[in-house]
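I opened my notebook today to practise reading a structure slowly. Here is what I looked up, one topic at a time.

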Amino acid sequence: FVKEHGGGGVKMYEPGTATKTLERILLENELRKSVQMGHFTLEYQPKMNLYHGELSGVEALVRWNHPDLGRIPPDKFIPIAEETKIILPLGEWILREACKQAYNWQQRGYKPFRIAVNMSAVQLDEPTIVETIQRILTEEKVSPEFIELELTETSFADRVEMRHTIQRIRDIGIQVAIDDFGTGYSTFSYIKELPADILKIDMSFIRDIDVNENSRAIVKAIVTLAATAGLEVIAEGVETEKQANVLIELGCLEGQGYFYSKPLPAEECEFMIPKIDE
Ligand code: C2E
Ligand code: MG
Ligand code: MG
Ligand code: MG
């Protein structure tokens, strides 16, 4: 325990709290340095057509490779990057890097497909975000039809400005997916008004889809909803062949998960991408 004397009283701090604060300060500083030094890479996870077993796209996922601390998972540093706004320069780097990879694969004769990039609500809140996205695509010579943005439901929460921004992004020709769909608070009737092209079903519903009737019912409902609203649907976290088969039965024909491939560095992922003349 740390005792703080002053003002006549003695405050007691739990060790956990103090440690967390130090870790937090450390990570914040290291995050800033690493953006400068370029200690980030992207990995790509194939999205598959479950029925034909063909690659239909990839999702780019950022990796932080700290020289001393090793690899730190996104769930640990993305929230800090968001709170500190470090996500703004980092997010620009991520989109640019994904575009460079898209251009590289297209130049080398791979079949064109969409690269999905995760984008935080903090980025969308920037007044110049649409211009920034447009500029990066132009500079990297990538057509908007090959880029998809994955946004979580919080980005669609009933903030008119945010939804307006998302619509402007779609007007450019970029596809928009709602990530982790089903975990937020969007009511089903509300979906019709959301400016999105794709629903990405959260992996919590996929995990027990072969044994849990409720999960199956939820997935079935989302698939029906997507069809009614004219949206594409994809399942995340497909880990077994059984899950893939249940998804096909329920009419969800796109999926992504460890059963097909974990996220991989570009040069490993490209073995799964068909070439134009094959
Ligand atoms: P997400 O966008 O929902 O990404 C899916 C996460 O599930 C990824 O974790 C992926 O590696 C993992 N995953 C894929 N297949 C399976 C599977 O079959 N089973 C299980 N259990 N997990 C699977 P990752 O890469 O650690 O990313 C975690 C989250 O961090 C992402 O969730 C996203 O919210 C955020 N994130 C990752 N990269 C970026 C980025 O470039 N920008 C932003 N803003 N956020 C990112
Ligand atoms: Mg995602
Ligand atoms: Mg997700
Ligand atoms: Mg997630």
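The entries below go from ground rules to metals, ligand, helix, cysteines and backbone angles.

**Ground rules**

I am working with a predicted model, in which local features need pLDDT of at least 70 and side-chain atom pairs count only at pLDDT 80 or more, while totals for chains, interfaces and linings use all residues. Residues are numbered from 1 along each chain as its sequence is written, chains are lettered from A and ligands numbered from 1 in the order in which they are written, and side-chain values use heavy atoms, with hydrogens and water left out.

**The two magnesium ions**

I began with the magnesium ion (ligand 2) and looked up its donors (N, O and S atoms within 2.8 Å of the metal, or 3.2 Å for Na, K and Ca; water is not among the atoms, so sites may look incomplete). Its protein donors are Glu59 (OE), Asn118 (OD1), Glu150 (OE) and Asp179 (OD), at 2.0 to 2.3 Å from the ion. Along the chain, these donors have the spacing E-x58-N-x31-E-x28-D. I noted that distant parts of the chain are linked here: Asn118 belongs to strand E6 (residues 114–118) and Asp179 to strand E8 (residues 175–181), 61 residues apart. Helices (H or I, at least four residues) and strands (E, at least two) are DSSP runs, numbered from the N terminus.

Next came the magnesium ion (ligand 3). Asp179 (OD), Asp180 (OD) and Glu236 (OE), the last of these listed twice, coordinate it at 2.0 to 2.6 Å. The spacing of its donors along the chain is D-D-x55-E.

Which residue coordinates both ions? I found that Asp179 does, and that the two magnesium ions are 4.0 Å apart.

I then checked accessibility, where buried means under 20% relative accessible area, exposed over 50%, and partly exposed in between (1.4 Å probe, protein chains only). Asp179 is buried, at 6%. Asp180 is partly exposed at 24%, and Asn118 is also partly exposed, at 27%.

**Around ligand 1**

How many residues surround ligand 1? I read off 21, and the closest are Arg63, Asn118, Asp179, Glu239 and Tyr258. A residue counts as near if one of its heavy atoms lies within 4 Å.

I also looked for polar contacts (pairs of N or O atoms within 3.5 Å; within protein, one must be able to donate a hydrogen and the other to accept it, and residues adjacent in sequence count only if both atoms are side-chain atoms). Arg63 has a polar side-chain atom 2.8 Å from an oxygen atom of ligand 1. The side chain of Gln45 has an N or O atom 3.0 Å from a nitrogen atom of the ligand. For Asp180, a side-chain N or O atom is 3.1 Å from a ligand oxygen. The protein covers 84% of the 800 Å² of accessible area that ligand 1 has on its own (Shrake-Rupley method, 1.4 Å probe).

**Helix H3**

H3 runs over residues 87–107, which makes 21 residues. From first C-alpha to last it reaches 29 Å, close to the 30 Å expected; the expected span is 1.5 Å times one less than the number of residues. Its buried residues include Ile87, Leu88, Gly91, Ile94, Leu95, Ala98 and Trp105. An α-helix has 3.6 residues a turn, so residues three or four places apart point the same way.

I followed Trp105 outward: its side chain makes a polar contact of 2.9 Å with the side chain of Glu270. Glu270 lies in the segment after helix H10 (266–269) and is buried at 13%.

**Cysteines**

Why is there no disulfide (a pair of cysteine sulfur atoms within 2.5 Å) at Cys99? The closest cysteine sulfur, in Cys269, is 16 Å away, too far for a bond. Cys252 is also too far, with its sulfur 20 Å from that of Cys269. Cys99 is buried at 0%, and so is Cys252, at 0%. The structure holds zero disulfides.

**Backbone angles**

Most residues other than glycine have a negative phi. I wrote down Lys141, whose phi is positive at about 60 degrees although it is not a glycine. Lys141 sits in the loop between helix H5 (129–139) and strand E7 (147–152) and is exposed, at 52%. Asp180, in strand E8, also has a positive phi, near 50 degrees. Gly109, which follows H3, has a positive phi near 85 degrees.

Key
A disulfide is a pair of cysteine sulfur atoms within 2.5 Å.
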